[in-house]
Amino acid sequence: MSELILERLVVGYGDGAPVLDGLDLTVADGAVVALLGANGAGKTTLLRALAGLTPARSGRILLGGTDLTGLAPEDRVRRGLALVPEGRGVVVELTVEENLRLGALWRHRGAARQRALDEAFELFEPLARRRHAAGHTLSGGERRMLALARALIAGPDVLLLDEPSLGLAPLVTAHLLGVLHETAARTGTTVLLAEQNVTGALSVADRGVVLNLGEVVADRPAAELSGDPRLRHAYLGF
Ligand code: ATP
């Protein structure tokens, strides 16, 4: 079980005022959650705090009952958390396949490693066609797909994604989010998806969580949230 619980989480940068000031959030095991909110609402900060890149000043982060709050980023990865930061996550000197092997290295051995690779290429067809291409020759969409595939191949319990659709064409975005949805459903991976693309994110999420000034102002089923004009207008800008 990997229910994720954030309790009164306080996070900030340097001596500055807290960005997240006592945030409470529970994410059910296997849920796909769209993390929404205007620029500066604290979405990236929340993902960084979960991954251990920006330490919590106080409060607790529990994953499947284990307290992760004081753990180093690599220890959180070992406990099943994976972060795909905005616009990065691909080694440009390596080929597509080498990038995926890198992602699969530590979790799988021998035949299982090859199986994980084959599965990734099945799911992400455009990557299979370019498996021997170097990272620097990939388009923006292909890079984003590779970063996602690389994180998924390690089989994380919780996947943290920061703006995976940023700068991508609508069709590429739809494909990427579709694959994410399918994989999460198939593997039971819990996903926290920070997105400016509200419609896209809510179309693949079970729940939508809206942040405003570092607080959760809504936590509702995705369909309900996208159908609420008041919330959309107040916090999501459409
Ligand atoms: P965006 O969609 O623009 O990335 P966001 O919801 O992810 O927005 P954050 O990036 O978490 O929001 O930013 C929340 C607040 O924290 C903002 O006021 C921002 O200026 C501040 N902040 C973010 N990163 C840093 C940093 N490294 N140092 C100081 N302040 C920061």
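Two strands are said to pair if DSSP finds at least two bridges between them, and helices (H or I, at least four residues) and strands (E, at least two) are DSSP runs, numbered from the N terminus. The model is predicted, so that local features need pLDDT of at least 70 and side-chain atom pairs count only at pLDDT 80 or more, while totals for chains, interfaces and linings use all residues. Residues are numbered from 1 along each chain as its sequence is written, and side-chain values use heavy atoms, with hydrogens and water left out.

One open sheet has 6 strands in the order E6-E7-E8-E3-E9-E10, with mixed pairing. Strand E6 (81-84) and strand E10 (215-221) stand at its edges, and because each has a single partner strand, one side of each is left without a neighbour in the sheet. Within this sheet, strand E3 (residues 32-36) pairs with strand E8 (residues 190-194) in the parallel sense over 4 bridges, and Ala 34 stands opposite Leu 193 in E8.

Two helices lie across strands of this sheet. Helix H7 (residues 170-187) lies across E3, E7 and E8, and runs at about 155° to E8, where axes are lines fitted to C-alpha atoms, for helices over the stretch in contact (heavy atoms within 4.5 Å), and angles run from 0 to 180 degrees between N-to-C directions. H1 lies across E3, E6, strand E7 (158-162), E8 and strand E9 (207-212), and runs at about 145° to E7.

A further open sheet has 4 strands in the order E2-E1-E4-E5, with antiparallel pairing. Strand E2 (20-27) and strand E5 (66-67) stand at the edges with a single partner strand each, so one side of each is left without a neighbour in the sheet. Strand E1 (residues 4-11) and strand E4 (residues 58-63) run antiparallel and are joined by 5 bridges, and the bridge partner of Leu 6 in E4 is Ile 61. Helix H1 (residues 43-51) packs on this sheet as well, touching E1, E2 and E4, and its direction makes about 110° with that of E1.

The ligand is surrounded by residues that include Tyr 13, Lys 43, Thr 45, Glu 163 and Gln 196, each having a heavy atom within 4 Å of the ligand. Among the polar contacts (pairs of N or O atoms within 3.5 Å), an oxygen atom of the ligand is 2.7 Å from a polar backbone atom of Thr 44, and an oxygen atom of the ligand is 3.0 Å from an N or O atom in the side chain of Asn 39.

Terms used. Polar contact = N/O pair within 3.5 Å; in protein donor to acceptor, adjacent residues only side chain to side chain.
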